[in-house]
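Please open your viewer and load the model below. We will take a short walk through it, one selection at a time.

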Amino acid sequence: MANAIPIIDFEQCDLDVETENLKQEHVAQCGKEVKEAFSTVGFCYLKNHGISQEMIDRYMRLSKEFFQRPEDFKEKFARGTALKNFFGWIAFEREKLNPSRPGDLKETFNYHIAFDPDTWPSNDYRDSSRELFLTCIRFTRRVLEVLSVGLGIPRELMTDAHRYLGEGSNPSSLRSLYYPPISEGAVLKPGQIRLGEHTDYGTITLLFQDDIGGLEVEIPGQGFVPAVPIPGTVIVNIGALMQRWTSDKLIATNHRVVVPEVEFKKRSSRQAVAFFIHPDDEYIVKCLDGFDKYEPISSMDYLRQRFDATY
Ligand SMILES: O=C(O)CCC(=O)C(=O)O
Ligand SMILES: [Fe+2]
């Protein structure tokens with residue numbers, strides 16, 4: 001089926017348009033389209049977003065250089081397991097996003113600009129991580145503003161809840177994902193896939209993927225459908241806390257990454273970059289419609305609950 005996941009043209013609201021120059025009618029139009037996508041599918045592609053493709057490509061290239069280093073080098077950058085541990089490497093098969101499956105066939109590298117260490121795998125990787133993180137923050141603000149208008153709530157409500165993006169009191173962070181090639185003789189464990197089924201925890205996620213494919217999204221009534229790579233787009237999806245905030249009006253859809261059937265894709269590595277967005281730690285997420293279908297909860301407590309259930 002063609003385009004089960006909507007592709008929305010964001011040009012009139014892209015990053016090159018300064019906030020003060022945004023036209024109300026354009027924000028309203030983009031807002032309407034993203035709200036529709038997020039309430040039916042929970043995912044959309046945004047094209048003409050204004051984030052430099054070169055910046056994304058450079059970050060992916062430098063990430064890949066790291067992932068291809070020997071284990072003992074990567075081990076020096078291993079991430080701790082505490083809740084507020086935002087920096088570093090997580091090894092192959094270490095995480096299972098769906099706990100009923102074997103370990104995911106992936107490695108990741110995580111980053112938060114407020115917890116920037118002295119030692120990096122390379123200075124270029126550091127600079128590129130910083131640059132992309134800051135750009136993702138700007139784009140996040142734009143998406144939240146447009147979405148607020150789409151939802152018919154005050155335009156600043158959601159950006160105010162994410163006021164401290166990039167500071168220590170907001171846990172939004174960047175993750176580089178690397179899915180190594182699956183070699184011909186490799187024996188996978190039963191049920192093992194590149195990334196198990198899950199919903200994201202936070203409010204929204206920005207996702208950039210390379211051209212290999214394998215991401216699938218579980219659309220209500222349609223089962224898992226491929227989110228095929230579309231060059232020049234960013235995928236935006238709803239997380240569980242946004243679903244709660246909107247009393248289930250916007251939906252956090254299950255998604256996963258499967259092993260491609262096409263031989264050469266299986267033998268290729270795959271890369272993706274996710275920017276996971278959460279409100280500020282102390283922000284109280286209370287159902288926007290005022291009916292308290294779910295109890296108010298702070299962003300931090302919600303994250304802690306989900307974290308404890310996973311680790
Ligand atoms: O690799 C991908 O395309 C998806 C990554 C993802 O869903 C996640 O890290 O939460
Ligand atoms: Fe995800």
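## Starting at the shell

Select strand E12 first: E12 gives three residues to the shell around ligand 1, the most of any element. Keep in mind as you click that this is a predicted model.

Next, add the other strands to your selection. Two or more shell residues each come from strand E5 (173-179), strand E6 (195-198), strand E11 (255-257) and strand E12 (270-276).

Now show side chains for the whole shell. Around ligand 1 you will find Leu177, Tyr179, Leu195, His198, Asp200, Leu207, Leu215, His255, Val257, Arg270, Ala272 and Phe276. Colour them by character, and this shell splits into eight nonpolar, two polar and two charged residues.

Which side chains place a polar atom 2.9 Å, 3.1 Å or 3.0 Å from an oxygen atom of ligand 1? Pick His198, where the distance from a polar side-chain atom to a ligand oxygen is 2.9 Å. Move to Asp200 for a distance of 3.1 Å, then to His255, where you should read 3.0 Å. With these contacts on screen, turn on the ligand surface: ligand 1 by itself exposes 300 Å², and the protein buries 98% of that.

Switch to a cavity display if your viewer has one. The largest cavity is the space that ligand 1 takes up.

Finally, zoom out and show the whole chain as a cartoon. You can page through eight helices and 14 strands. Along the principal axes, the C-alpha atoms fill a box of roughly 55 × 45 × 40 Å. The chain agrees with a compact globule, because 311 residues would then give a radius of gyration near 19 Å and the chain has 19 Å.

How values were computed:
Residues are numbered from 1 along each chain as its sequence is written. Chains are lettered from A and ligands numbered from 1 in the order in which they are written. This is a predicted model: local features need pLDDT of at least 70, side-chain atom pairs count only at pLDDT 80 or more; totals for chains, interfaces and linings use all residues. Side-chain values use heavy atoms; hydrogens and water are left out. A residue is near a molecule or strand if one of its heavy atoms lies within 4 Å of it. A polar contact is a pair of N or O atoms within 3.5 Å; within protein, one must be able to donate a hydrogen and the other to accept it, and residues adjacent in sequence count only if both atoms are side-chain atoms. Accessible areas come from the Shrake-Rupley method with a 1.4 Å probe; for residues, only the protein chains shown count as cover. On a 1 Å grid over the protein atoms alone, a cavity is a set of points where a 1.4 Å probe fits but cannot get out, and a pocket is an open set with protein on both sides within 12 Å along at least five of seven lines; lining residues have an atom within 4 Å of a point. A molecule sits in a cavity or pocket if more than half of its atoms lie within 2 Å of its grid points. Helices (H or I, at least four residues) and strands (E, at least two) are DSSP runs, numbered from the N terminus. Ala, Val, Leu, Ile, Met, Phe, Trp, Tyr, Cys and Pro count as nonpolar, Asp, Glu, Lys and Arg as charged, and the others, Gly among them, as polar. The radius of gyration is taken over C-alpha atoms; the globule rule is 2.2 Å times the number of residues to the power 0.38.
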